[in-house]
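Here's a quick walk through this model, one region at a time. Have the sequence and the 3D view open as you read.

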Amino acid sequence: MAILNPAKKNLRARIQAEAARFDPGQLDRWSRSIQERVLALPEWGRAHAVMLYAALAREADTALLLQDAWRSKKTVVLPRVKPGINEMELHEVRAPGQLVPGVFGIREPDPAVCPPAHANAIELV
C-alpha cells in the first residue's frame, strides 16, 4: 500500500470531513451539474483525447463524462498509481470493464489490457 506524506494525508482527511457534512443527494446534484457544464464546453466537443479519473464515493463523479467520451470515440486516459512507489502513470481506457480496483480502492486502468498513454497527446484534463 502506498504511503501518503503527512501534509497530503492531512489535506485528504480535511476534505473528506468537509464532504461528509453534505447530503449525498446534494453531492450527486453538484456532480451532475459539473459534468453537464463540462459536456457543454466547446473544448470538450473539440477534444479528441481527454484525461479523467474514476471517482470515489463523495468525489465529483465523472461517469457521464466517461460515457460521453467513449460514445464519441474520444481517447480516454486515466491515471494509475504504480504499486509500491506511489507514482502515477497514464493509460488509455476503452471501456468501463478495463477498470480494476487499485491503490486506496480507486478504480484504475488494468495495465494488462490498457496501453500506456502519453501526456503530450491529451488535449483536455
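## The hairpin

Two strands count as paired if DSSP finds at least two bridges between them. Keep in mind that what you're looking at is a predicted model. Here, strand β2 (residues 75-82) and strand β3 (residues 87-92) run antiparallel and are joined by six bridges.

Which residue of β3 stands opposite K82? It's E87. Between the two strands of this hairpin sit four residues, and G84 takes a positive phi, near 85°.

## Helix α4 and what covers it

Now look at helix α4, which spans residues 63-71. Its buried residues are L65, L66, D68, A69 and W70. The cover over these buried residues includes α2 (24-40), α3 (42-46), β1 (49-51) and β2, so strand β2 from the hairpin turns up again here.

Just past α4 comes K73, another residue with a positive phi, this time near 65°.

## Q35, a buried glutamine

Helix α2 holds Q35. Is Q35 buried or exposed? Its relative accessibility is 2%, and since anything under 20% counts as buried, Q35 is buried.

What does the Q35 side chain reach? It gets to the backbone nitrogen of L65, at 3.3 Å. Setting aside neighbours within four places in sequence, Q35 is in contact with D61, T62, A63, L64 and L65. L65 is also one of the buried residues of α4.

## The largest pocket

The largest pocket has a volume of about 770 Å³. Its lining is made up of 26 residues, and R12, Q16, L56, E59 and I106 are the ones nearest the centre.

Where does the lining come from? At least two residues each are supplied by α1 (6-20), α2, β2, β3 and β5 (107-109). Helix α1 gives the most, with six residues. By type, the lining splits into 16 nonpolar residues, eight charged and two polar.

## P42, far from the pocket centre residue Q16

Helix α3, part of the cover over α4, is where you'll find P42. With a relative accessibility of 48%, P42 counts as partly exposed, because that label covers values between 20% and 50%.

How are P42 and Q16 placed relative to each other? They're 26 residues apart along the chain, and their C-alpha atoms are separated by 32 Å. Q16, remember, is among the residues nearest the centre of the largest pocket.

Key. Residues numbered from 1 in each chain as written. Predicted model: local features only at pLDDT ≥ 70, side-chain atom pairs only at ≥ 80, totals over all residues. Heavy atoms only, no water. Buried < 20%, exposed > 50% of the residue type's maximum accessible area, 1.4 Å probe, protein only. Contact = heavy atoms within 4.5 Å. Polar contact = N/O pair within 3.5 Å; in protein donor to acceptor, adjacent residues only side chain to side chain. 1 Å grid on protein atoms, 1.4 Å probe; cavity = no way out; pocket = protein on both sides within 12 Å on 5 of 7 lines; lining within 4 Å. Points joined across faces, edges and corners; volume = space filled by probe spheres on them. Nonpolar A, V, L, I, M, F, W, Y, C, P; charged D, E, K, R; others polar.
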